[in-house]
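Me: I have a model open and want to go through it residue by residue. Please keep the answers short and show the reasoning.

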Amino acid sequence: MSKNHVMKMSRLYAPTLKEDPAEAELASHKLMLRAGMIRKQAAGLYSYLPLAWRSLKKIEQIVREEMDAAGAQEMLLPILTDAELWRESGRWNAYGPELMRVTDRHGREFALGPTHEETITDLITNELKSYKQLPVNLYQIQDKFRDEMRPRFGLMRGREFIMKDGYSFNANQESLQETYDAMKDAYARICERCGVRALPVVADSGQIGGDTSVEFMALADAGEAALVYCDDCGFAADEEAATTQVAVTEGSGDGTLEKVHTPGLGTIEAVAAFFGFPENGTRKSLALIAEDGTPVVAIVPGDHELNDCKAEKLFGAYHLMSEEELQEHGLFKGFIGPVNLPQGIRLVVDETLRDSKKWACGANEVDYHYTGACPGRDFTVDEWADLITVREGDPCPHCGAALKGARGIEVSQVFQLGTKYSASMGATFTDEDGKEKPFLMGCYGIGVSRTMAAVIEQHNDEQGIIWPVSVAPYEVSVIALDKKGEAFDEAARIADELAAAGVEVVFDDRAERPGVKFADNDLMGFPYQLVVGKRGLKNGTVEFKDRATGEREDLPLAEAVEKIAAVVADARAQFGA
């Protein structure tokens, strides 16, 4: 094993902070700032200092190893992307204000790439012409840009970030599925090797497009995404894509339509209490205006919410009706329902209510509700659709067991794009029958900088970061308790010998009090610490500490280097190194 260079802490550029920065909310953001790993340049823009950069490079190396092993080839595309390509795909306007747009001195428009579907499709259009050249799987690791309205949470939601994005080109669905599955397996291994506990969840494909998508969610209380999962069968999905079959409660009575005076009862809670059955027995009606201007009433079980992502797929960029719009369409807030719905309003109902026959719902009259309302008899549903946000306790769509809820950080995602880009951009090949067809494409992204933040979110304590060996900036810190003399010299010798044995070592040679050194080394999170002091040397020992467990062990001085090198080697092996 080749000798590593010993980094002396006195020379390390890692300006630490004693207090949590006021701007930081998440543990990862606080700790990276405090440990001297990152510094904010502007909103959503960060400089990566040496410790962070070493970890990022390790994550990138893990990504490269797994991608190469799966048959993908690394390349590099321009960060600046031509607006004309985005117009060809239809995303120049569809992507929205998050697309960071620039104009050159000649008035030509470009975008700083948030992702590179258009660029890669344009690249291969005139290069891959026959099915014999397929499949092809290409990837890059590069800075990306998104003009976030509110950059926050440090590296979790920035305007510039490091991402691995990959794209496959396939001749048929079977081939695409093989590539997609290989990428999904590789992504699972990448998470494991980085020390990230992640669930592969069914996801919405958003602006990327395509029909099939799975994202890897690092479980974390501070995660932005809400997800549900099943311990029994392994199903997991984010709230934007999860489906379920809620067992809804029927209203009371014999099923006869009855109009009931409910003065001032304009909320689900109040109506359920008045009738004496659970909120699940009521029907929540929401009035909205679809993107095309059509008035819509969407109805969901009373104890569930309309899912914004699902609604956007159905209605486009919709909005809830204002007081003026409600009045214009003859509707009354708190008392909207499907019976006697004014003409011209589209009625869309959640699928979970399809078999329900006795509804408690608004009567489209102030201070009145109906009980016993029955679809098909008392009103006509224009469309049944999946509308609700699935929540903890709902039945699993696969096995029926109660779903659990969690929050997660999206660290990576895989998509089957199909012909979304190849068809619109004229990227075709000749198949076995001599026919010209658009490529079937896949897209595979990993947030490299976000993965580093996710690791810290999952691996920290009150003292600081606890790095997994696989992505730690340094594997072992050797701490000299004395500023000079025998202990200092022995610490320097051990650091050199560990480095010669292939261990990545930082040597805390600073003229600081032991307490300061211990605090800084815990904050920076090096997996293993070796403490060398006069008292131990009198007994012929040095103290070895495991940062993750806090366990300490006195090692014989003569055996220390060999034993520590073996511990590090074993730890690397656990992460597939």
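Me: Is E475 buried or exposed?
Reply: This is a predicted model, so the values are computed from it. Buried means under 20% relative accessible area. E475 has a relative accessible area of 3%, so E475 is buried.

Me: Which residue does the side chain of E475 meet in a salt bridge?
Reply: The contact is 2.7 Å, N to O. E475 sits in the loop between strand 27 (464-465) and strand 28 (476-480), and its partner is in helix 15 (residues 560-574), so the pair ties together parts 97 residues apart in sequence. The partner is buried too, at 18% relative accessible area. It is R572.

Me: Which residues do salt bridges that share partners join into one network?
Reply: A search of the whole structure finds 39 salt bridges. Some of them share partners, and one network of this kind joins four names. They are K57, E60, R64 and E74.

Me: How many residues apart in sequence are the parts that R87 and E109 tie together?
Reply: The two side chains meet in a salt bridge at 2.3 Å, N to O. R87 is partly exposed, at 36% relative accessible area. E109 is partly exposed as well, at 31%. R87 lies in helix 3 (residues 83-89) and E109 in strand 7 (residues 109-112), so the parts they tie together are 22 residues apart.

Me: D431 and K437 meet in a salt bridge. Which relative accessible area makes D431 buried?
Reply: The side chains meet at 3.0 Å, N to O. K437 is partly exposed, with a relative accessible area of 37%. The cut-off for buried is under 20%. D431 falls under it, at 9%.

Me: Why is strand 9 largely enclosed by the rest of the structure?
Reply: Strand 9 covers residues 160-170. Strand 8 (residues 136-145) runs antiparallel to strand 9, joined by ten bridges. Strand 25 (residues 440-447) also runs antiparallel to strand 9, with eight bridges. Strand 9 counts as largely enclosed because, of its eleven residues, the number buried is ten.

Me: In strand 25, what is the bridge partner of Y167?
Reply: Strand 9 and strand 25 are joined by eight bridges. On the side of strand 8, Y139 stands opposite G166. In strand 25, Y167 pairs with C443.

Me: Where is the cis peptide bond that leads from L134?
Reply: Its omega is near 0°. The proline lies in the loop between helix 5 (117-125) and strand 8. The bond runs from L134 to P135.

Me: What is the phi of N340?
Reply: N340 is in the loop between helix 9 (323-328) and strand 18 (346-350). N340 is exposed, at 56% relative accessible area. N340 is not a glycine, yet its phi is positive, at about 60°.

Me: Where does D367 lie?
Reply: D367 is not a glycine, but its phi is positive, near 70°. D367 counts as partly exposed, at 24% relative accessibility. D367 lies in the loop between strand 19 (359-362) and strand 20 (368-373).

Me: Which residues gather in a patch of negative charge on the surface?
Reply: One of them, E291, is in the loop between strand 15 (283-289) and strand 16 (295-301). E291 counts as exposed, at 57% relative accessibility. The patch gathers E240, E291, D292, D308 and E312.

Methods. Residues are numbered from 1 along each chain as its sequence is written. This is a predicted model: local features need pLDDT of at least 70, side-chain atom pairs count only at pLDDT 80 or more; totals for chains, interfaces and linings use all residues. Side-chain values use heavy atoms; hydrogens and water are left out. Patches are made of residues with over 30% relative accessible area and no salt bridge: like charges are joined within 9 Å, nonpolar side chains (Val, Leu, Ile, Met, Phe, Trp, Tyr) within 5 Å. Accessible areas come from the Shrake-Rupley method with a 1.4 Å probe; for residues, only the protein chains shown count as cover. Lys and Arg count as positive and Asp and Glu as negative; His and the chain ends are not counted. The place of a charge is taken as NZ of Lys, CZ of Arg, CG of Asp or CD of Glu. Helices (H or I, at least four residues) and strands (E, at least two) are DSSP runs, numbered from the N terminus. Buried means under 20% relative accessible area, exposed over 50%, partly exposed in between (1.4 Å probe, protein chains only). Two strands pair if DSSP finds at least two bridges between them.
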